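Here is a brief report on one protein chain. Please look over the sequence and fold before reading on.

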Amino acid sequence: MTNFDYDLFVIGAGSGGVRAARIAATHGARVGIAEEFRYGGTCVIRGCVPKKLFVYASKFTEDFANADGYGWSLNGTPTFDFEKLIENKDKEITRLEGIYRRNLDNTGVELHDSRAVIEGPNTVRLLSTNQVITAERILVAVGATPNVDSGLIGCEHAITSNEAFHLSTFPNRTIVVGGGYIAVEFAGIFNGLGSDTTLIYRGEEILRGFDMDLRIGLHEQMEEKGITVKTKTTLASIVKHDGGLTVTTHDGEVMEADQVLYAIGRRPNTAGLGLEEAGVELDKAGAVAVSPQSQSSVESIYAVGDVTNRANLTPVAIREGHAFADSVYGDKTWHVDHTMIPTAVFSQPEIGTAGLTQEEAEARFDNIDVYSSSFRPMKNTLSGKPGKMLLKMLVDADTDKILGIHIMGPDSGELIQMIGVTLTMGAKKSDYDRTIAVHPTAAEELVTMREPSQRIRKN
C-alpha cells in the first residue's frame with residue numbers, strides 16, 4: 001500500500017477519462033475521478049451524441065421529399081417542433097450520463113463532482129470543497145473547448161456548438177462560420193430543419209485535410225441542398241438589434257441572421273489547470289506533450305484524448321485511456337497506433353474516410369492507381385432527387401496495398417467502420433477483387449472496380 005489517497009486520480013469524466021478509470025479499477029487500482037460539468041464529456045453531453053440525434057431529425061425533410069416517388073402521399077404539410085426535439089434530446093443525454101456514473105460506481109471508482117486543479121506531481125485540489133487529494137499518478141483527460149474569434153467585433157453575439165444544443169428558439173436564418181467537420185455538420189442540420197443557412201469559410205475549400213474529391217463533392221451537394229457556401233470569406237462584425245443580427249464580412253457584404261454559430265476548431269482545455277506550474281510541458285497549441293504511452297514530461301502525470309491534440313476523436317480517446325490503464329495497472333503494455341484511423345463526417349451527404357488522401361499518397365508513394373466511381377444513390381432513382389454517391393480507392397501500384405478509401409453518400413459512416421478493419425489488416429486490391437459483391441448495394445462498387453480511373457507514375 002502507498003501513502004497516497006489514490007493510486008490514480010483522473011481529471012475529466014469524458015470518454016477517455018472514464019475508460020481509463022474503469023479499466024484501472026478492474027485491474028485493482030484505487031481510482032478517483034473529478035468532473036466539473038456532466039459525466040460523459042463533450043461527446044455524450046454536447047458533441048457526437050446530440051449532434052447525431054439532430055442529424056437524424058434534419059434528414060426527415062429529405063425523406064418526406066423522397067416519399068412521393070415511392071407511392072406515399074403525406075396528408076398535409078409536416079410540421080417540426082424544435083422544443084420537442086430539445087426536450088427529447090435532453091432526456092436521452094440525462095439517461096446516458098446516468099449510465100456513465102453507474103458504470104464508474106460499479107467498478108469502485110470514487111466520483112467527485114468538482115473542478116480539479118493540479119498543485120504538484122502527486123497533488124490535486126478540488127475547488128468545490130478546497131479538499132487536497134494525493135495520488136501516485138494523475139491522468140488529465142479534460143478534452144478541448146471551442147475556439148472563438150475574440151478579435152471579431154460583436155463576437156459575444158455568436159454561439160458555438162456548446163450552445164447550439166440548448167437554443168430556446170429555432171433560428172430562421174443561420175450563419176455557420178468554419179469549414180471543418182463540425183461546421184459542415186451543423187450547416188446540414190440547420191438547413192435540414194428548415195433554416196436559411198449560409199456557411200462561411202476563410203479557406204479555399206471546405207474540409208481541409210480530407211481528400212479533395214470529397215471536399216469538392218460535398219461543397220457541390222451542400223449547395224444543391226440549398227446551403228449557401230462562401231469560401232475565402234471572413235467576418236468583420238456582428239451587430240445585434242431587435243430584428244436579429246447584422247453580419248458584415250471583410251469584403252463589405254452585409255447579411256441578416258437570427259443566429260451565428262462559430263465552428264472554427266477547438267483548443268485543448270488546459271487553461272487554469274495548474275499544469276505548467278507542476279512542470280508539465282505544453283506545446284504551442286496548449287496541448288499536453290506526451291509520449292506514445294501518454295506520459296507527460298512529469299513522470300507521474302499522464303494525459304489522453306483531445307487535451308493531447310494527437311487525433312481528436314472520441315474513439316481514439318477511449319483507446320488511449322484503455323491502453324494507459326492496461327499498461328500501467330494491468331501488466332499489458334501497448335499503445336495506440338494513430339496511423340490508421342477510420343472516421344466519419346455526418347454531413348449531408350455523409351462522408352467516411354480511412355487511410356491516406358490522394359494528396360498524401362502522391363507525396364509518399366511513387367506509383368499509385370486511383371479507382372473511383374460516382375453514381376446516383378438507388379434510393380433517389382424513383383424520387384428523381386439530386387445527389388451523388390462517390391467511392392474512391394487509392395492503391396500502391398507496386399505492392400497492390402490499399403492506401404486509402406474515401407466514400408460519400410448514405411450510410412458512409414457505417415461502411416467505413418468495416419472498411420477500416422480491412423485496411424488495418426493490410427488489405428490489398430486483390431483481396432477486394434476476390435470478394436463477392438452484395439447486390440444491390442452502393443458498397444459493391446468497391447469490389448467490382450477493375451480499371452483505374454487514374455494512374456500516377458513518378459518513374
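The report covers two open sheets, an annotated site and a cavity.

**The sheets**

This is a predicted model. One open sheet has four strands in the order 10-9-8-14, and their pairing is parallel. Strand 10 (228–230) and strand 14 (259–262) are its edges. Each has a single partner strand, so one side of each lacks a neighbour in the sheet. From one strand to the next, the twist averages 15°.

Inside this sheet, strand 9 (residues 196–200) runs parallel to strand 10, and three bridges join the two. Ile200 faces Lys230 of strand 10 across that pairing. Helix 7 (residues 181–192) packs on the sheet. Its contacts reach strand 8 (173–177), strand 9 and strand 14. The direction of helix 7 makes about 165° with that of strand 9.

A second open sheet is built from three strands, ordered 11-12-13, with antiparallel pairing. Strand 11 (235–241) and strand 13 (254–257) are the edge strands, and each pairs on one side only. Here the twist averages 20° from one strand to the next. Strand 12 (residues 244–249) is joined to strand 13 by four bridges, and the two run antiparallel. Thr248 stands opposite Val254 of strand 13.

The two strand pairs described above are set out here.

| Strand pair | Direction | Bridges |
|---|---|---|
| Strand 9 and strand 10 | parallel | three |
| Strand 12 and strand 13 | antiparallel | four |

**The annotated site**

Which residues does UniProt list for "binding site"? The unreviewed entry gives Lys52 and Asp306. Lys52 belongs to helix 3 (residues 48–58). Asp306 sits in a loop, between strand 16 (301–303) and helix 9 (314–329).

What does Asp306 touch, leaving aside residues up to four places away in sequence? Its contacts are Gly143, Ala144, Pro268, Ala311, Asn312 and Leu313.

**The cavity**

How many cavities of 30 Å³ or more does a search of the whole structure find? There is one. The largest cavity holds about 40 Å³ of space. Its lining consists of Pro146, Thr160, Ser161, Ile182, Tyr262, Ala263, Gly265 and Arg266. By class, the lining has four nonpolar residues, three polar and one charged.

Two lining residues link back to the parallel sheet and its helix. Ile182 lines the cavity and falls within helix 7 (residues 181–192). Tyr262 is also in the lining, and strand 14 (259–262) includes that position.

Methods. Residues numbered from 1 in each chain as written. Predicted model: local features only at pLDDT ≥ 70, side-chain atom pairs only at ≥ 80, totals over all residues. Heavy atoms only, no water. UniProt positions renumbered as here; feature names shortened; annotations may be inferred. Contact = heavy atoms within 4.5 Å. 1 Å grid on protein atoms, 1.4 Å probe; cavity = no way out; pocket = protein on both sides within 12 Å on 5 of 7 lines; lining within 4 Å. Points joined across faces, edges and corners; volume = space filled by probe spheres on them. Nonpolar A, V, L, I, M, F, W, Y, C, P; charged D, E, K, R; others polar. Pairing = 2+ DSSP bridges. Axes fitted to C-alpha atoms, helices over the stretch in contact; angles between N-to-C directions.
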